[in-house]
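User: I am new to this structure and would like to understand how its parts fit together. Please take me through it by way of short questions.

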Amino acid sequence: MKRILLFVLTNLAVMVVLGVVASLLGVNRFLTSNGLNLSALLGFSLIMGFGGAFISLLMSKPMAKWSTGARVINQPANQDEAWLVSVVQRLSERAGITMPEVAIYDGEPNAFATGAFKNSALVAVSTGLLQGMTKEEIEAVLGHEIAHVANGDMVTLTLIQGVLNTFVVFLSRVVGYFVDNMLRSKDDESTGPGMGYYITSFVLDIVFGLVASMIVAWFSRQREFRADEGAAQLMGNKQPMINALARLNSMQAGALPTSVAAMGITGSLGQWFASHPPLEERIASLQNARG
């Protein structure tokens, strides 16, 4: 709940700061005189930035189950499932969180954690990962996902995305009004936004959105290093996590749905938009870490 409260307060703070800066620079007077209600724009930006990200966060767990076909282990059907549940329970106790739901889904090697709250999360592993790794390596992967949950990474990533979305919506429309005003400076009879506003806002939504995505991806990559170290701490030894990453590097990792891709054990989408660092970098970072 503390992170959810932080999420709300941060977005409200963004709105206040934008409003104050606009007032000090006289931007609000210019925009109002040209048909744009700054208060309405701030409210719209808040709803678009905060609302969409918050709804996505609340829907993350059911969406992950649906998109991957993950089957939650309510009652272990065999020894392997019983072992999996027991490992997650033990690691959760060490991390000081309520045990997440444990699920298995059919697919190539991968795993992920998701959920709006760290005490009601979901940890899922693929059949490919279970079949291709040793038990110690699987335990390390589970420790990595538990570390994500314990660190509150799902909420934090949503917080950052929401704040950036707010800036994208606000700035693209402010710039759109400036451009539209310059293009129609001699048209005294014009009222309301013109094509210059709509085209500029649309283009800047894409441009600013790409920049925001790069920032979110950079933060996501830093989370992976911390989760790797968290797994090493939960295991009491960093070598199993190093071995698990090396094993993943020799396997064909499975792609995850977009809704949970950032929470997987591995992933790739180019250098600037990648949610995960290269496995070689993660191995080197963990080897150089203390302990």
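User: Against which strands and helices do the buried residues of H4 pack?

Analyst: This is a predicted model. In helix H4, the residues Glu81, Trp83, Leu84, Val85, Val87, Val88, Leu91 and Ser92 are buried. The packing partners of these buried residues are S1, S2, S4, helix H5 (127-132), helix H6 (135-150) and helix H8 (195-235).

User: At about what angle to S2 does H4 run?

Analyst: Helix H4 spans residues 79-95 and lies across S1, S2 and strand S4 (122-126). Of the strands it crosses, S2 is mostly covered, with four of its five residues buried. The angle at which H4 runs to S2 is about 140°.

User: How far does H4 reach from its first C-alpha to its last?

Analyst: H4 has 17 residues, and 24 Å is the span expected at 1.5 Å a residue. The reach in the model is close to that expectation, at 24 Å.

User: Which residue has a side-chain oxygen that reaches the backbone nitrogen of aspartate 80?

Analyst: The contact lies at the start of H4, where the two atoms come to within 3.1 Å. At the other end, H4 is followed by glycine 96, whose phi is positive, near 75°. The residue that supplies the side-chain oxygen at the start is asparagine 78.

User: Which strands stand at the edges of the sheet?

Analyst: The sheet is open, has four strands with mixed pairing, and follows the order S1-S2-S4-S3. Each edge strand has a single partner strand, so one side of it is left without a neighbour in the sheet. The edge strands are S1 (71-72) and S3 (111-114).

User: How many bridges join S2 to S4?

Analyst: S2 (residues 101-105) pairs with S1 in the antiparallel sense over two bridges, and arginine 71 stands opposite isoleucine 104 there. S2 and S4, by contrast, run parallel, and alanine 103 has alanine 124 in S4 as its bridge partner. The number of bridges that join S2 to S4 is five.

User: How many residues are in the largest nonpolar core?

Analyst: Leu84, Met133, Ile138, Leu142, Ile146 and Met241 have the most contacts inside this core. Leaving aside residues up to four places away in sequence, methionine 133 touches Ile138, Val141, Ala244, Arg247 and Leu248. A second, separate core of eight residues includes Ala64, Ala103, Leu122 and Ala124. The residue count of the largest nonpolar core is 38.

Methods:
Residues numbered from 1 in each chain as written. Predicted model: local features only at pLDDT ≥ 70, side-chain atom pairs only at ≥ 80, totals over all residues. Heavy atoms only, no water. Pairing = 2+ DSSP bridges. Contact = heavy atoms within 4.5 Å. Axes fitted to C-alpha atoms, helices over the stretch in contact; angles between N-to-C directions. Buried < 20%, exposed > 50% of the residue type's maximum accessible area, 1.4 Å probe, protein only. Core = buried A, V, L, I, M, F, W, Y, C linked by side-chain atoms within 4.5 Å. Expected span 1.5 Å × (residues − 1). Polar contact = N/O pair within 3.5 Å; in protein donor to acceptor, adjacent residues only side chain to side chain.
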